[in-house]
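Q: Please take a close look at one part of this protein and explain how its residues and helices are arranged. A connected account suited to a first-year student would be welcome.

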Amino acid sequence: AVEFLDEMEKRFGEQRYQQILKGFVFSFRKVWLKSFIAFRKADEILALNSPDHLQSYAQSAWQIGQLDKAIIILKRGIAINPKLSGLHEDLIRILIQKRDLTGAAIALKRAMRILGNSNPLLLVLGSKLEKLQNESTNSSPEPRSDA
């Protein structure tokens with residue numbers, strides 16, 4: 001598939017959908033950097049406006065360590081279609097990975113409001129977030145009194 005897309009690029013130049021397809025192919029093969037570059041090129045040609053494309057773009061950014069970029073991309077996807085739970089779930093996971101527990105809690109609350117309280121993955125992420133918040137408050141040093 002990549003060879004065909006490369007040949008197509010040689011003949012017709014870079015096309016948005018050709019780059020999106022490359023992004024998906026490389027993502028499927030877990031070649032994250034090439035996937036990210038392809039999605040970025042597609043986004044530069046014309047802003048991606050499909051939440052599915054944005055979620056895959058964010059996944060590739062996440063996998064290469066571009067967490068802040070992944071967050072921005074996921075927020076774009078959520079703005080387009082807030083009813084897709086996968087976008088919210090990935091955003092919360094990344095915020096937890098960054099140890100932005102406040103941001104994760106805000107994102108979780110927003111997701112629960114939009115998607116409802118019965119989403120099992122959001123409930124699991126909420127439990128994990130609560131556990132991490134409890135650990136961070138319990139591990140904070142107690143104030144010293146030098147009296």
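**Around a buried aspartate**

A: Asp43 is buried, with a relative accessible area of 14% (buried means under 20%, exposed over 50% and partly exposed in between, using a 1.4 Å probe and protein chains only). The model is predicted, so local features need pLDDT of at least 70 and side-chain atom pairs count only at pLDDT 80 or more, whereas totals for chains, interfaces and linings use all residues. Residues are numbered from 1 along each chain as its sequence is written, and side-chain values use heavy atoms, with hydrogens and water left out.

Asp43 belongs to helix H3 (a helix is a DSSP run of H or I with at least four residues, numbered from the N terminus). Leaving aside residues up to four places away in sequence, Asp43 touches Leu48, Tyr57 and Arg76, where contact means heavy atoms within 4.5 Å.

Tyr57 leads to the aromatic residues. The structure holds 3 aromatic pairs, a pair being rings of Phe, Tyr or Trp (its six-membered ring) with centres within 6.5 Å. The ring centres of Phe36 and Tyr57 are 5.7 Å apart and the planes meet at 40°, so this pair is tilted (under 30 degrees is stacked, over 60 edge-to-face, the rest tilted). Phe36 lies in helix H3 (residues 32-45) and Tyr57 in helix H4 (residues 51-63), so the pair ties together parts 21 residues apart in sequence. Phe36 is buried at 7% relative accessible area, and Tyr57 is likewise buried, at 0%. Phe24, Phe36, Phe39 and Tyr57 form one aromatic cluster.

A further view comes from helix packing. The axes of helix H5 (residues 67-80) and helix H6 (residues 85-97) come within 9 Å and cross at roughly 155°. Axes are lines fitted to C-alpha atoms over the stretch in contact, and angles run from 0 to 180 degrees between N-to-C directions. H5 and H6 are therefore roughly antiparallel (over 145 degrees; under 35 is roughly parallel, 65 to 115 roughly perpendicular, the rest oblique). Residues of H5 in this contact include Leu67, Ala70 and Ile71, and those of H6 include Leu87, His88 and Asp90. The contact residues divide into 9 nonpolar, 3 polar and 2 charged (Ala, Val, Leu, Ile, Met, Phe, Trp, Tyr, Cys and Pro are nonpolar; Asp, Glu, Lys and Arg charged; the others, Gly among them, polar).

Technical notes
Helices (H or I, at least four residues) and strands (E, at least two) are DSSP runs, numbered from the N terminus.
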